[in-house]
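Open the structure in your viewer and keep the selection box handy. We will go from stop to stop, and at each one you will hear what to select and what is there.

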Amino acid sequence: MNHPASAHRVFCFGPFRLLAQQQLLLEGETPVRVGSRALEVLRTLVESPGTLVSKRDLMARAWPGMVVEPSNLKVTIAGLRRALGDGRPGHRYIANVTGLGYRFVAPVRCMDADERDGSAHPARSSGLPQSATRLVGRAEVVSALARTLPERRMVTITGAGGIGKTSVALAVAAALAEGHPDGAHFVDLGPLADPRFLPMAVANALGFAIHGDDAADALVSALRPRRLVLVLDGCEHLLDAAAALVDRIVAGAPGVLVLATTREPLRIRGETVHRLAPLPAPPPHAQLTADEALAFPAVELFVQLAAACLDGFSLSDADAPVVARICERLDGIALAIELTATRVEAFTLRELSLLLEDRLRLLGLEQRGVAPRHRSLAAALAWSHDLLAPNDRMALRRVAVFAGSFTLASATALAGDDCDMVAAVESLTAKSLVCADVRGAEVHYRLLDTTRAFATQKLHDSGEASDLHRRHAEHLVDVLARVEREARHQHSADWVAAHGHRVDDVRGALAWAFSPAGDPRLGIALTVCAIPLWTQLSLLDECRDGAERALAIGARQSLLALRDRMQLAAALALATLYTRGPRPETDALWKAALRDADDGGDAAFQLRTLWGLSVYLVFAGQYRTALGYLRRLRNAARRHGDAADRLGAERLIATNLHYFGRQGSARARLEKVLRAYADPVQHADISRFQFDQRVVARGTLATVLWLQGLADQAVRIAHEAVESAQAASHPVSLCNALGHTAIPIALYTGDLAAADALMLRLRAHLRQHALSVWCLLSRCLQGMISIERGDGACVDELAGLLGQLRASGYGLRQSFYSAALARGQALAGRPGEALATLDDALALCEQTAERWFLPELLRIKGELLRQDARPGAEALFRQSLGLARRQGALALELRAALSLAELLVDGGRAGEAEALVDAVRARFTDGHRTADLARAARLAADLREDARGVLQLTADPETPARDTRRMP
């Protein structure tokens with residue numbers, strides 16, 4: 001299929017011109033770099049604009065007489081779209097007709113090459129090629145470098161392979177070219193193998209002919225009168241020669257600005273180094289909308305490239321988390337994003353995400369029409385690797401065993417006697433193969449994921465992998481055991497900052513230890529040592545699965561020592577409690593661990609198991625049973641424990657007293673416990689007790705204070721609990737502070753705006769930490785907020801959620817949730833169901849001795865009877881009033897008094913009602929802006945007004961009487 005007539009034509013579309021005879025594509029006056037086959041495909045399409053051209057015809061034109069895979073055409077079309085900017089606003093050129101072929105959809109103007117039209121003749125090249133990758137997210141960097149380069153005259157852009165150094169350099173040079181009469185010029189040093197020919201290569205790129213014994217001196221002489229920007233791209237393999245030449249150019253040609261790109265600095269005088277960072281990508285596990293994800297340049301680049309490759313591609317809210325995850329896995333490396341995004345024609349986004357689990361597959365993806373070292377990530381990394389000294393190569397493959405970040409001490413521990421790791425880490429960091437984070441007290445290093453995949457392959461090829469994995473696991477056991485011993489007085493957040501990064505290494509080491517090539521005994525030891533780390537980071541699902549696996553393998557292979565078995569059983573019990581609820585198997589695990597501790601005479605572990613068993617029983621709502629274990633725990637803590645053990649036992653006893661309805665005793669103990677906690681929460685305390693003890697103590701105290709009528713103090717203490725949990729960097733403690741304290745306090749006080757804001761915070765937190773029981777509780781709380789607004793539509797969903805909680809064995813605060821459900825059922829016009837819910841809740845209170853919210857259950861039942869004009873309402877109100885008074889629960893006493901007063905008004909006993917309300921109101925010293933006290937003030941005012949009306953009616957019989965009845 002030859003079209004000789006078209007060979008002498010010029011095709012114009014958008015800002016582009018295709019000069020067929022010269023095999024040249026221009027954008028304005030700038031040549032666009034595309035391959036010959038891509039030009040042939042483009043020429044075929046523009047010859048028949050708007051017409052469908054089959055894939056077979058396009059392949060016949062671009063690959064005449066050859067049999068090629070259809071994927072070659074896909075890649076060529078994708079490259080064309082990138083070059084044309086297809087997909088940007090106002091740029092739409094090539095449309096895909098699925099399964100059939102392609103058509104050119106933009107208007108095309110065609111003219112003869114010899115027409116008297118200046119546009120038919122190419123302009124002189126500016127000396128800068130078109131960047132292969134569209135620049136995204138680099139505007140600030142380009143602007144800053146365009147200001148810096150004229151001031152400093154020599155700037156080196158360093159960074160990892162594929163990060164976008166060349167694209168940024170081209171953009172900076174283009175921005176400065178107009179201000180330099182001799183323009184901007186680009187020299188690709190990648191193909192140059194012999195450093196002796198460097199001056200000649202630069203001269204050739206500039207169009208100079210230089211002669212003489214000293215080529216560098218001749219080049220500087222030629223440059224001396226000129227004003228231009230010189231880009232030297234890819235200097236790392238000619239580092240010494242490039243440094244020497246640039247030094248001479250800067251010294252001898254004052255009108256020349258030099259911009260170099262390389263993996264490591266040139267280290268010459270006057271050099272300004274800019275280390276190019278990856279494109280900002282979303283954080284791990286982020287749940288983002290499309291708009292939120294597109295705010296990250298890595299996602300923006302991915303979407304632009306995908307849209308240029310696939311007709312109609314756009315980012316939806318449903319796909320945003322998938323693309324965010326892809327870009328996060330790609331470390332924000334522009335080349336990796338480009339190689340992946342251009343595969344959207346062949347794979348769905350979710351398939352691409354799964355494929356990226358195999359980093360070696362990503363390393364092998366290629367693009368055509370670019371320099372060999374830019375063709376694939378493997379090529380870019382191999383280019384850097386081949387330039388390394390033997391010691392650096394050895395160190396790179398050995399640190400590949402670290403799954404996350406690592407310290408110099410850890411790297412040195414794994415290095416072996418034959419590797420100088422200190423020198424290697426310095427060298428690899430300078431060469432952009434290792435990333436350094438210097439923000440903390442200790443420098444943390446890491447490999448980008450793609451670099452790690454490359455280095456891991458080198459490690460396996462070397463035959464050292466098995467030995468390195470063993471050393472790595474043993475090192476982690478030593479480190480985690482040591483830092484746990486040293487953490488007795490370390491602040492929780494500081495401990496997380498120092499050691500939280502090790503969790504990635506634990507995962508990798510455990511995967512090896514329990515593999516056929518690993519060592520299960522070492523895996524069990526590492527699992528035990530990892531328990532405090534998982535607990536501190538609230539990785540409770542991971543802790544549960546890890547302990548379960550170690551127990552099963554250890555029992556099957558008879559590898560478990562008694563203490564290991566106790567520790568693993570306790571960890572499994574606690575993690576199961578917080579992830580799946582207080583199920584019966586949790587009870588069995590704790591009791592088995594307690595038997596082992598008793599049999600072994602292990603006092604420290606007796607304390608731990610008594611604590612865990614007591615917490616389990618409280619969560620299960622078995623308050624009576626818990627009391628016996630709590631007394632035993634207190635005695636054991638006094639005999640064998642430290643201050644934290646004793647305070648923890650007192651805190652838990654106070655919590656139980658609160659649920660029994662003994663608010664005065666509970667408050668006294670809680671305040672004593674909080675006064676004794678003088679220092680910030682320690683890591684060791686969270687490791688032992690699973691929560692920040694002061695957070696949960698404040699949470700219970702806040703509820704007690706509200707019950708006692710001190711709402712303002714309750715709100716303040718709840719706020720302190722939330723902020724303290726945030727500062728402790730402990731996710732489960734923050735869930736507790738929000739879900740068990742701050743949101744319920746907002747509901748108690750009627751501050752629904754605060755409840756909404758706190759719910760948003762809890763839900764955002766749970767998106768980062770998927771704790772299943774807390775996710776369930778958060779949905780219950782959301783339903784309760786709706787009910788407080790008078791919306792009963794969510795009542796069936798709430799009933800289902802509470803059923804799931806009960807099925808998991810969760811019995812904590814059941815009266816609180818049942819009261820909300822009953823109110824919702826009444827709102828929905830289903831009073832019979834509401835009464836049944838209340839009767840079930842009252843029976844459960846009798847069974848478990850949970851009495852703190854019992855007055856409210858009685859009051860709500862009385863309201864239902866009153867609304868149906870059924871007998872018994874007054875008796876229930878008076879029972880609620882008396883019980884609340886005996887418990888010291890002034891807030892619930894007020895609610896009961898208001899319900900009773902309204903009933904008395906309906907019965908014509910307004911004076912009795914007024915006296916009752918005034919007597920209860922008078923005992924409040926704060927919280928006057930709460931919904932209940934505002935309602936009480938309105939009722940009292942109405943009763944006084946009614947009383948004045950009665951007096952007026954007595955004085956003037958002509959005045960009509962007012963209706964004094966009030967609806968609840």
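**Stop one: a proline in a loop**

Select Pro 254 and show its side chain. With a relative accessible area of 58%, Pro 254 is exposed, because anything over 50% counts as such. This is a predicted model, so treat every value on the tour as computed from predicted coordinates. Pro 254 sits in the loop that joins helix H8 (239–252) to strand S12 (256–262).

Now add Arg 153 and Arg 224 to the selection. Pro 254 touches both Arg 153 and Arg 224, once residues up to four places away in sequence are set aside. Try a C-alpha to C-alpha distance from Pro 254 to Arg 224: the two are 6.7 Å apart in space, with their positions 30 residues apart in sequence.

**Stop two: a serine in another loop**

Is Ser 405 buried or exposed? Select Ser 405 and look: its relative accessibility is 15%, so Ser 405 counts as buried. The loop that holds Ser 405 runs between helix H16 (390–399) and helix H17 (408–415). To see what surrounds Ser 405, select His 444, Tyr 445, Arg 446, His 501 and Asp 505; these are its contacts beyond the neighbours within four places in sequence.

**Stop three: one helix, two sides**

Next, select residues 795–807, which form helix H37. The 13 residues of H37 should span 18 Å at 1.5 Å a residue, and its end C-alpha atoms are 18 Å apart, so the two agree.

Which residues of H37 are buried? Color Val 795, Leu 798, Leu 801, Leu 802 and Leu 805, and you have them. Turn the view until you look down the axis of H37: the buried residues fall within an arc of 120 degrees, so they line one face of the helix. An α-helix has 3.6 residues a turn, so residues three or four places apart point the same way.

Show helix H36 (772–788) and helix H38 (814–827) as well, as the buried residues of H37 pack against these two helices. Then rotate to the other side of H37, where Asp 796 and Ala 807 are exposed. Before you leave, select Gly 809, which follows H37 and has a positive phi, near 90 degrees.

**Stop four: charged pairs**

Side chains of opposite charge can pair when their charged atoms come close. Across the whole structure, a search finds 52 salt bridges; we will visit a few.

Start with Arg 638 and Glu 650, a salt bridge whose closest N and O atoms are 3.9 Å apart. This pair links distant parts of the chain, with Arg 638 in helix H28 (residues 623–640) and Glu 650 in helix H29 (residues 643–660), twelve residues apart. Arg 638 counts as exposed at 52% relative accessibility, whereas Glu 650 counts as buried at 19%.

Move on to Glu 856 and Arg 895, whose side chains meet in a salt bridge of 2.9 Å, N to O. Here Glu 856 belongs to helix H40 (residues 854–867) and Arg 895 to helix H42 (residues 890–906), and the pair joins distant parts of the chain, 39 residues apart. Glu 856 is buried, with a relative accessible area of 3%, and Arg 895 is buried as well, at 11%.

Keep Glu 856 and Arg 895 selected and add Arg 859, Glu 863, Arg 866, Glu 902, Asp 906, Asp 932 and Arg 935: together these residues are linked in a network of salt bridges.

Finish this stop at Arg 909 and Glu 912, where the side chains meet in a salt bridge (3.2 Å, N to O). Arg 909 is partly exposed at 31% relative accessibility, and Glu 912 is partly exposed at 37%.

**Last stop: the whole chain**

Zoom out and color by pLDDT. The chain has a mean pLDDT of 84, and 89% of its residues reach 70 or more. Select residues 1–5, where the pLDDT is below 50 and the model has five contacts beyond near neighbours in sequence. Then select residues 953–968, also below 50, with 19 such contacts. Where pLDDT is low, the predicted coordinates should not be read in detail.

Switch to a cartoon view for the overall picture: the chain has 44 helices and 15 strands. Of its 968 residues, 56% are buried. Switch on the surface to end the tour; the accessible surface comes to about 39800 Å², and 52% of that belongs to carbon and sulfur atoms.

Definitions and conventions
Residues numbered from 1 in each chain as written. Predicted model: local features only at pLDDT ≥ 70, side-chain atom pairs only at ≥ 80, totals over all residues. Heavy atoms only, no water. pLDDT = per-residue confidence, 0-100. Contact = heavy atoms within 4.5 Å. Helix = DSSP H or I, 4+ residues; strand = E, 2+ residues; numbered from the N terminus. Buried < 20%, exposed > 50% of the residue type's maximum accessible area, 1.4 Å probe, protein only. Expected span 1.5 Å × (residues − 1). Arc of directions from axis to C-beta. Areas by Shrake-Rupley, 256 points an atom, 1.4 Å probe, with all protein chains shown as cover. Salt bridge = Lys/Arg side-chain N within 4 Å of Asp/Glu carboxyl O.
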